[in-house]
2 protein chains.
Amino acid sequence: MANNFDEDGVGSLSVWAKRCYLAGRALMEDALRPHGLGTTQYYVLHRLATAGPTMQRDFARLLQVERATMSIVIAALVKKGLVEQIPDAVDQRQKLLRLTAAGAILWKELPDLGFIRDAAFGGLSETDIQTAARVLRTATERLQRRLKGDMP
Amino acid sequence: MANNFDEDGVGSLSVWAKRCYLAGRALMEDALRPHGLGTTQYYVLHRLATAGPTMQRDFARLLQVERATMSIVIAALVKKGLVEQIPDAVDQRQKLLRLTAAGAILWKELPDLGFIRDAAFGGLSETDIQTAARVLRTATERLQRRLKGDMP
DNA sequence: ACAACCTTGTTAGATAGCAAACAATATGTC
DNA sequence: GACATATTGTTTGCTATCTAACAAGGTTGT
């Protein structure tokens with residue numbers, strides 16, 4: 001993805017997908033670093049602050065990451081005292097996540113990250129953006145189909 | 001990037017850029033895992049096998065990663081005995097990287113990864129792909145400009 | 001010559017991602 | 001009821017990435 005021995009045609013699209021993702025994430029991290037948060041931690045707080053308490057199980061689907069990854073992100077938030085993990089009354093396996101008071105206070109202090117999207121895509125042709133999104137979505141779905149044992 | 005509370009327009013493009021990158025990387029990792037390599041390690045071997053010995057310094061530029069990241073990737077390859085790090089005769093700071101015999105043998109055994117690109121983008125409209133690449137490149141360059149202290 | 005600066009590489013500590021294996025808990029089926 | 005299976009979360013160990021701080025080696029300016 002990130003080599004430069006294939007910089008044209010189809011090759012460069014994968015390269016730019018990677019670089020675009022990493023550059024956007026780096027800007028997010030710069031904005032969040034003063035608050036001691038990472039990007040995925042931010043998404044978790046966002047969800048809890050705007051949609052209320054949520055099962056940990058559901059975050060894997062929502063954020064499209066593995067259970068193991070969620071475990072680690074949540075553990076970091078719990079260690080910082082921003083999120084509580086409450087075992088469900090009827091199914092002890094599941095854990096409900098909820099903002100703590102400290103988490104709610106921190107959430108209010110966080111900057112608006114919309115400027116990143118504006119910086120990246122503001123002013124570009126809407127149809128070009130939609131074409132790009134469609135191409136990447138198609139490619140992603142094909143790759144994911146192949147990942148999920150769709151192969152001989 | 002990976003939330004699902006902003007799934008349309010400009011928002012979804014960043015989401016799909018991330019997912020496309022990660023899905024492609026996951027397929028690469030599946031193909032390389034039997035050989036005990038990671039994706040960036042593969043790119044380093046590719047360069048050394050096809051372009052010959054290369055200064056470690058230059059890899060940061062070629063692969064667009066930080067010196068610190070290269071240090072870690074190279075250290076892994078050296079530990080596996082696939083790459084040698086040779087201090088330059090005239091400038092002791094710089095290190096030349098070279099495939100070992102074992103590295104050259106392993107390289108020949110590695111599978112061709114072109115199928116991933118074909119799986120992702122094969123058959124899609126060439127102009128759509130170029131539009132997508134142009135949009136992502138523009139966005140990336142804007143983000144990188146802002147990252148490099150181009151801000152008020 | 002010497003001090004100030006620049007370049008290169010490494011280390012430490014952090015986030016984020018995965019797979020594989022494990023533990024605990026539900027939910028089947030017989 | 002008991003054993004097999006599925007779900008949920010954690011742990012371990014790996015890759016990849018970053019920043020920040022450091023060490024060591026060149027370069028430059030006076």
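Me: Let's count a residue as near a molecule or strand if one of its heavy atoms lies within 4 Å of it. What share of the atoms of DNA strand C within 4 Å of the protein belongs to sugar or phosphate?

Reply: Some ground rules for this predicted model: local features need pLDDT of at least 70, side-chain atom pairs count only at pLDDT 80 or more, and totals for chains, interfaces and linings use all residues. Side-chain values use heavy atoms, without hydrogens and water, while residues are numbered from 1 along each chain as its sequence is written, and chains are lettered from A and ligands numbered from 1 in the order in which they are written. Around DNA strand C there are 26 residues, with Thr39(A), Thr40(A), Gln92(A), Lys18(B) and Arg57(B) the closest. Bases supply the rest of those strand C atoms, and the sugar or phosphate share is 68%.

Me: Which side chain has an N or O atom 3.2 Å from a base oxygen of DNA strand C?

Reply: Polar contacts here are pairs of N or O atoms within 3.5 Å; within protein, one must be able to donate a hydrogen and the other to accept it, and residues adjacent in sequence count only if both atoms are side-chain atoms. On strand C, a phosphate oxygen is 2.8 Å from a side-chain N or O atom of Gln56(B), and a phosphate oxygen is 2.9 Å from a backbone N or O atom of Lys95(B). The base oxygen is 3.2 Å from the side chain of Arg93(A).

Me: How many residues of the surface near DNA strand D are charged?

Reply: Among the contacts with phosphate oxygens of strand D, the side chain of Lys18(A) has an N or O atom at 2.6 Å, and the side chain of Ser71(A) has one at 2.6 Å. For the classes, Ala, Val, Leu, Ile, Met, Phe, Trp, Tyr, Cys and Pro count as nonpolar, Asp, Glu, Lys and Arg as charged, and the others, Gly among them, as polar. The surface near strand D has five nonpolar and ten polar residues, and its charged residues number eleven.

Me: What turn lays chain A on chain B?

Reply: The copies are superposed by least squares on the C-alpha atoms of residues with pLDDT of at least 70 in both. Chain A goes onto chain B with an RMSD of 0.0 Å and a shift of 0.0 Å along the axis, after a turn of 180°.

Me: Why does that fit a named kind of axis, and which one?

Reply: Two copies of a chain are related by a rotation about an axis and a shift along it. Here, the relation found is that of a two-fold axis.
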